[in-house]
Each structure stands twice: as structure tokens, then as C-alpha cells.
Amino acid sequence: MFDGYDSCSEDTSSSSSSDESEEEVAPLPSSLPIIKNNGQVYTYPDGKSGMATCEMCGMVGVRDAFYSKTKRFCSVSCSRSYSSNSKKASILARLQGKPPTKKAKVLQKQPLVAKLAAYAQYQATLQSQAKTKSAVSLEGFSWGNYINSNSFIAAPVTCFKHAPMGTCWGDISENVRVEVPNTDCSLPTKVFWIAGIVKLAGYNALLRYEGFESDSSLDFWCNICGSDIHPVGWCAASGKPLVPPRTIQHKYTNWKAFLVKRLTGAKTLPPDFSQKVSESMQYPFKPSMRVEVVDKTHLCRTRVAIVESVIGGRLRLVYEESEDKTDDFWCHMYSPLIHHIGWSRSIGHRFKRSDITKKQDGHFDTPPHLFAKVKEVDQSGEWYKEGMKLEAIDPLNLSAICVATIRKVLADGFLMIGIDGSEAADGSDWFCYHATSPSIFPVGFCEINMIELTPPRGYTKLPFKWFDYLRETGSIAAPVKLFNKDVPNHGFRVGMKLEAVDLMEPRLVCVATVTRIIHRLLRIHFDGWEEEYDQWVDCESPDLYPVGWCQLTGYQLQPPAPQTSRESQSGSSKQKKKAKSQQYKGHKKKRKMPVGKKPVSLSSLPMTGGVRRSLSGDEELTPPPYRTLPAQTAPEAFPPPSTSREFSPSLKTVTPLQLKEELLDGEEYSFLQGASDQESNGSASYYIKQEP
């Protein structure tokens, strides 16, 4: 467990470093000055003057390249050889259980030129890191600083079943110990030390090195799923050195005893944690797969699109007719907006026939089993009928729940919904919701839960009353028993931070906050923006992610809007909102956009009225029957996430016996020391009145 730890101080003659001989030496920068010494040519790392002679072997070289702060020896082996008979060497031998042998890797002597190269590379790395840090601090965003400075809390990873490790996060919590790189060390090689989790924020953990007690001066944030985070014992198994931070290296004389005392009975990550992280980030959707996806210009129909790229389970889909591949759409692989080829015809949904009739090379139909499954429903008994009224989230204005009407009943439980007072004459803005969708609600839902209901456009009898409206329109409300009333124990709380997709610009993933919880319905606020940009989202939406998801998957995170941006938009945001019309182009957000093409936005969809091209009979057909992948080349089946936890590893507990076995494990060990709203969350009644 403590492989590579050394009790000798870095500033003494017996200081040591274990990995110098293992590091790959990079070529020296040509810009460094040249120094000739004893007939050999050396590159001097920093241009300073000063030579030194090794007290053991007599090697003469550049002083700054010599070992330890005293610069008395040219290498680790010379340092140890010189002090082999000293009292300090005897103490070291007792700590290790045996004197160091020639087999130990740390005794492999390095040529001076190799040490010079390693030193130069180390100095260049430090300079590069300093430049990068200063540059990022001006424009970058740090979740750790954001959470610390405002005392925020983040939604736990277990709230996001579709995210990596969402179903197998286990009991990772505060006080769990891990082995991490030691950044408070002057050694040019990569060394590790043990740290404990002080605070969790999604995937991110605030860590504190063992030995700092209540001192938070060197606390740091990191992604717990990162490649440099390991369970206690990993260094021992991998032959990596454990080196206490330079700040506290003189705090204890016997670091081994200290670690044994502190770690006995402590919890650490499961041994297969990194493997589980890797497995949970394997996605079944691959580029060149064909799918049916909603047409962003006519919500009432679908089109064929090709998977262009996959990032963290999010798909960039390019519509098949797009020759320059700029007509695209972003969504998650478990989004209800995408379906297998042939889905539209099977349920009677409108479909735009592709102009491309010839099979494109390399394109193949996505296997149906890869898509998210919807709950089976029985339509034989009492069921939804055309003309029934309900309340629904407006897909073109996700901050509003509106008066809506069922316009068409499709097969397999799917419904075409229209927003009253804002529908296009040809129904091109009808939207398809499944009967079990958490985005549709029975009449009276908003009133019971104190949510503002958006009345039909042009309706003058305000405040809106459902009883009067149903009587005036001669309509009936959809039966309450037909709606989805399941409320999972999702774990969200008001005020929790997360990363959320702006569904009006689905390419963007933004810093966000949960501001309201109504059963399974979440009100998502995008930090730094006006409330009019808030969106109602289901608690199990695949467009919500834990803090740190963007960093883990390599996706770009949109930080909170700066104060200048908020001020510049304040004038327009206070004006009266535009009503839906043929010219409506959605929210005119002034967020800072990534450099590149404009993101796809549902907000650009035409809204109502006007003359529109009617859907022809050809558009009701399915796409050409391209063959699917042969069985032997079909991608591995990955079932959609379930709401139950499929895997729940327990944290590994460090035992005294384990510590003793690892500490006494023979010659492989060398020890080094270097320099309030009451919100519903559970199975309670779906219609209990909620506080605002």
C-alpha cells in the first residue's frame, strides 16, 4: 500500500527518488544553452552558472541537476551508497523490513545527461502549467471555486441513472480515502499520496491530503472518475511511490505508523472502480447509424438522420438530405425524440420521405433494441380520444405549461398534442408525446400544484378557469387515471447544482440549478440568466447530468452568464414577451456561443398560422428499406437504463491485517519522503397540493 514511501527527508544526504530511472527522457529543447564539461556536452536547464562534484563517484556536472537540495550527489544510488553505514540508513532499513538491495529500481543509476533532460522537461512543464493556469483564470469556469465560494450543493450521481456510474456509484461519500498524485512535491517524477474526500459535488470531489488534519490550505478539487484517482493499495500493487506532501513532511517522524493508524478501518474505492467507469462510458450508438428523429422545422413529422458523432452518450445527428452536414440535431441516445427506422409507419406518425433513394456507403439502420423503451399500455378499454383537453409542456417554450388538446391518437400509446390558440393551420407544430410521458398532465394539475398555467393565445376571460373553458369549447378533460402517476425517489432537492442541456439549443450543456420540484417534475434554471429561460424537465430526463459530466466526457460546458451579458439583455427581457406567430423564432438568447456553427435550436421552428405546404402522401411513407448490419457485425446490445440500481458495489474497507501484509511485503517496497419549499419526492399522492 505504501510502496515507494521513504522516511528520509528530501533535504538530507540520504534523500531518494524512486521513479527517475523509469521516466522516459524527452529530447532537450534546442533553445537551452550548451555547457562543455570533461569532454562531454551538457545542456544546462535554466542558464544559471554553477557546477558541482559528486561526493561519492566524483562526477562533475551542472549543480542544479544534482540530487537533493544539498547538491552533494549526482544520483540516488550515490546518495544511498555514501550513507549506507549511517544511522539514518539503519532506520530506513528497519522501516522497510530489510536493507535496500541492488534489485531495487531506485538504485539504477542514471547518466547525468538523462537527468538533465528530465530536469529540463520538468521545468518546461511547470512553466507551461503556470501559463495555462493564468490564461484559464481569465475566461474559464471552475465548478470547485463556484461551489466553494457560494456554499452550493450538487445533485448526487445516483440521481442520474443514464449517466456514467449512475447505477453503480455505490456508497462513495465523505471520508473515503483514495490515492492521488502529490502536487506538493519538488521531485521531477510523478508520485502519489493518500487523500480523503472532504466534499462531494457530482463527480467532483474536494480532497485533502492525509496529515493536514483541519488545514485546508492545499485542498483541491478533482474528478473522482479521473484516471489519476485510485483506491488505497493501488500504489503498492503498481509499484508507485507514496510521498508525503512537502508542506508536512517534517510533521511526523514515522509516516508508516501514521498511515497505519489513520487508514485502519477507513473506506476506499472498490478495486474495480476504474473498470466500472470505463464500462459505463461505452456507448452502443456508433457513427453512420441511421435513425428516425423529429423534424426540427415541422414538429409533427420525423426524418431520417445519420449519427455523425457520439460524445458522452449525446448524438450529433445530421439529416440524411444534408449534403454539407450542417443541418444537424443534438439529443441523447435515450431521448424520446429518436426512434428506429420504420417506427413512424408502425404507429401512424407523419414522416418526411428522404430524397435519397440510394443506399449510402457505410450507413446502416440502428438495431431497434438500442432505443429507450416506453411502457406498454392497454388501449382497448377507456382511452384518450381526439379533442380531449389536458395540460402539457410546450415543446417550443419549455418554461410554460399550456392548455392543450389531443389532436390524433396513434398506435402503441402515442398521441399528437397541439397547444390551444397557437396551432398552425396544417398541424405542422403538433408534437408527439407518449401516453406515459411525464410532460403531459391532467386538467387542474397546475392549479393544484400552484404552477402558472399558460392560457390559449387570445383567450380574454382571465383568470383562466378550466370549468368555464371546457363548457365554452364543448370539450371534455382527459381522464385522470390515464396519466402517468409514478413518482420515483429521485433524490433531487431544491437548490442542487447540475449540468443541464438547454433544450431550446440542444447543443449546449449549461451550469444549472433545480429551483422547484413538483413530484417528478423539475424546474431547471440556467445560472446567470433570466427566469424566462427556465425549463420544466422530468427527473429522469437524459438531458440532465451530474456536476463534472462535461469534464469527464470531454463535452464543452457553458458557464453562467457574466454580469455584462445579463445587463445587456435586461432591457429586452423586461419587455412584453412576443406572442406565438408565424414569425416567432423562439427565445433570442444572448448566451456566449462556442466558436463554430450555430447550434441547433427547436426555438427556430415556425409556430402558427400562415400558409404552409401540406404533407403529401409520399411523406407518410417510411424511408427506403436499407438493410441492417449483419448479425456478426451488429454492435453489442446495451439496454437502456432502468430506474433500479443494477450494480451497487460496496466500498472497500482497509483492515489492520491488510495493512500489515502490504507493509511487510518484501523487497518490492521502497519508502520515499519528498520535499423551503415542501417538495414531493417519492410515492406520495400525485395531486397533493405543493407550495410554490
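Cys 185 is buried in this predicted model, its relative accessible area being 9%. Another cysteine, Cys 550, is likewise in the buried class, with a relative accessible area of 3%.

**Cysteines**

A search of the whole structure returns zero disulfides. For Cys 550, the nearest cysteine sulfur is that of Cys 510, at a distance of 8.7 Å, and Cys 550 takes part in no disulfide. Because a disulfide requires a pair of cysteine sulfur atoms within 2.5 Å, the 8.7 Å between the sulfurs of Cys 550 and Cys 510 does not qualify.

**Aromatic pairs**

The structure holds 29 aromatic pairs, and two of them are set out here with their geometry.

| Pair | Centre to centre | Angle between planes | Class |
|---|---|---|---|
| Tyr 209 and Phe 220 | 5.2 Å | 40 degrees | tilted |
| Trp 255 and Phe 258 | 5.4 Å | 85 degrees | edge-to-face |

The pair formed by Tyr 209 and Phe 220 links distant parts of the chain, since Tyr 209 belongs to strand β8 (residues 204-209) and Phe 220 to strand β9 (residues 220-223), with their positions 11 residues apart in numbering. How buried or exposed is each of these two rings' residues? Tyr 209 counts as buried, at 3% relative accessibility, while Phe 220 is partly exposed, with a relative accessible area of 22%. The two residues fall into separate classes because buried means under 20% relative accessible area, a limit that the 3% of Tyr 209 meets and the 22% of Phe 220 does not.

The pair formed by Trp 255 and Phe 258 has another setting, in that both residues lie in helix α6 (residues 255-263), where a spacing of three residues separates them by about one helical turn. Trp 255 counts as buried at 0% relative accessibility, and Phe 258 is also buried, with a relative accessible area of 9%. The angle of 85 degrees between their planes places the pair in the edge-to-face class, because that class takes angles over 60 degrees.

**A ring cluster and charges over rings**

Ring pairs also join Phe 141, Trp 143, Tyr 146 and Phe 152 into a cluster. One member of that cluster, Phe 152, has a charged side chain over its face, that of Lys 497, at 4.0 Å from the ring centre. A similar arrangement involves Arg 303, which lies over the face of Tyr 319 at 3.9 Å from the ring centre.

Note on methods. Residues numbered from 1 in each chain as written. Predicted model: local features only at pLDDT ≥ 70, side-chain atom pairs only at ≥ 80, totals over all residues. Heavy atoms only, no water. Buried < 20%, exposed > 50% of the residue type's maximum accessible area, 1.4 Å probe, protein only. Phe/Tyr/Trp six-rings, centres within 6.5 Å; stacked < 30°, edge-to-face > 60°. Helix = DSSP H or I, 4+ residues; strand = E, 2+ residues; numbered from the N terminus. Lys NZ or Arg CZ within 6 Å of the ring centre and 35° of its normal.
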